[in-house]
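Me: Please show me the structure, and let us go through it by question and answer.

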Amino acid sequence: MEKKNIKAALFDLDGVVFNTEPQYTVFWGSQCREFHPEHPGLEHEIKGQTLVQIYDAWFSGPLADKQPLITERLNQFEQQMDYQYVAGFENFIKSLHQQGVKTAVVTSSNQPKMQAVYASRAEFRGLFDAILTSEDFERSKPDPDCYLKAAQRFGVEPKDCVVFEDSFNGLKSGRAAGMYVVGLATTNPADAIRPLCDEVVSDFTQL
């Protein structure tokens with residue numbers, strides 16, 4: 001990264017900015033055991049997928065009528081979540097600002113989820129120059145649409161952006177956008193994500 005002329009740093013949210021993935025595993029574990037008892041461990045298979053992707057793959061057809069119930073449960077769960085920053089994140093993003101690097105959150109989370117984040121972390125919005133959510137994208141990760149839109153927001157070329165991601169779909173999205181990709185081994189093992197990254201770290205204290 002030090003050798004690159006980075007103009008914008010683009011961050012996924014869950015598993016990158018916040019250490020929330022273990023909490024989501026608890027939530028989806030309860031839903032999967034209720035609606036898919038025949039598939040133990042499904043909550044681990046759907047890590048990093050958007051809600052639409054999860055619904056399309058596992059809660060369509062006979063279970064489609066359960067989607068509103070699960071969505072309501074998820075919204076309530078997210079209101080009570082513990083939004084703790086991944087180690088080293090706060091100092092790292094401050095250093096980016098000091099170097100004049102633009103920063104953005106690029107997340108598949110929706111506005112109701114973000115309102116819960118803002119309520120929990122009053123300082124959050126001030127850490128970023130832009131916050132892009134699912135309402136801002138036409139296509140979800142692993143499509144590069146979200147990261148390309150973030151680059152356009154700042155008026156910078158994709159090659160001058162660095163993406164911080166933890167999920168397979170997110171890493172694929174950053175790579176497809178033609179950006180430098182840093183993978184955080186917070187959700188998946190380092191060896192598993194390394195083929196999709198230019199660099200792998202366990203948290204921001206290593207940057």
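Me: Which residue in strand 6 does valine 182 stand opposite?

Reply: This is a predicted model, in which local features need pLDDT of at least 70, side-chain atom pairs count only at pLDDT 80 or more, and totals for chains, interfaces and linings use all residues. Residues are numbered from 1 along each chain as its sequence is written, and side-chain values use heavy atoms, with hydrogens and water left out. Helices (H or I, at least four residues) and strands (E, at least two) are DSSP runs, numbered from the N terminus. Across from valine 182, the residue in strand 6 is glutamate 199.

Me: How many bridges join strand 5 to strand 6?

Reply: Two strands pair if DSSP finds at least two bridges between them. Strand 6 covers residues 199-201 and runs parallel to strand 5. The number of bridges that join these strands is three.

Me: Which residue in strand 5 does glutamate 165 stand opposite?

Reply: Strand 4 (residues 161-165) pairs with strand 5 in the parallel sense, over four bridges. Opposite glutamate 165 in strand 5 is glycine 183.

Me: Which residues of strand 5 point the other way from Tyr180, Val182 and Leu184?

Reply: In a regular strand the side chains alternate between the two faces of the sheet. Strand 5 (residues 180-184) is mostly covered, as five of its five residues are buried; buried means under 20% relative accessible area, exposed over 50%, and partly exposed in between (1.4 Å probe, protein chains only). Tyr180, Val182 and Leu184 point one way, and the residues pointing the other way are Val181 and Gly183.

Me: Why is one side of strand 3 and of strand 6 left without a neighbour in the sheet?

Reply: Six strands form an open sheet with parallel pairing, in the order 3-2-1-4-5-6. Strand 3 (130-132) and strand 6 stand at its edges, so one side of each has no neighbour because each has a single partner strand.

Me: Which strands does helix 8 touch?

Reply: Contact means heavy atoms within 4.5 Å. Together with strand 4 and strand 5, helix 8 (residues 168-176) makes a right-handed β-α-β unit; right-handed means that, with the strands pointing away from the viewer, the path from the first strand over the helix to the second runs clockwise. Helix 8 packs on the sheet, and the strands it touches are strand 4 and strand 5.

Me: How many disulfides does the structure hold?

Reply: A disulfide is a pair of cysteine sulfur atoms within 2.5 Å. The sulfur of cysteine 197 is 15 Å from the closest cysteine sulfur, in cysteine 146, and is therefore too far for a bond. Cysteine 197 is buried, with a relative accessible area of 10%. The number of disulfides in the structure is zero.

Me: Why is the pair of phenylalanine 18 and phenylalanine 124 called stacked?

Reply: Rings of Phe, Tyr and Trp (its six-membered ring) pair if their centres lie within 6.5 Å; planes under 30 degrees apart count as stacked, over 60 as edge-to-face and the rest as tilted. The ring centres of phenylalanine 18 and phenylalanine 124 are 5.4 Å apart, and the pair is stacked because the planes are at 25 degrees.

Me: How many residues apart in sequence are the parts that this pair ties together?

Reply: Phenylalanine 18 is in the loop between strand 1 and helix 1 (21-35), and phenylalanine 124 is in the loop between helix 6 (111-120) and strand 3. Phenylalanine 18 is buried, with a relative accessible area of 0%. The pair therefore ties together parts whose separation in sequence is 106 residues.

Conventions: Axes are lines fitted to C-alpha atoms, for helices over the stretch in contact, and angles run from 0 to 180 degrees between N-to-C directions.
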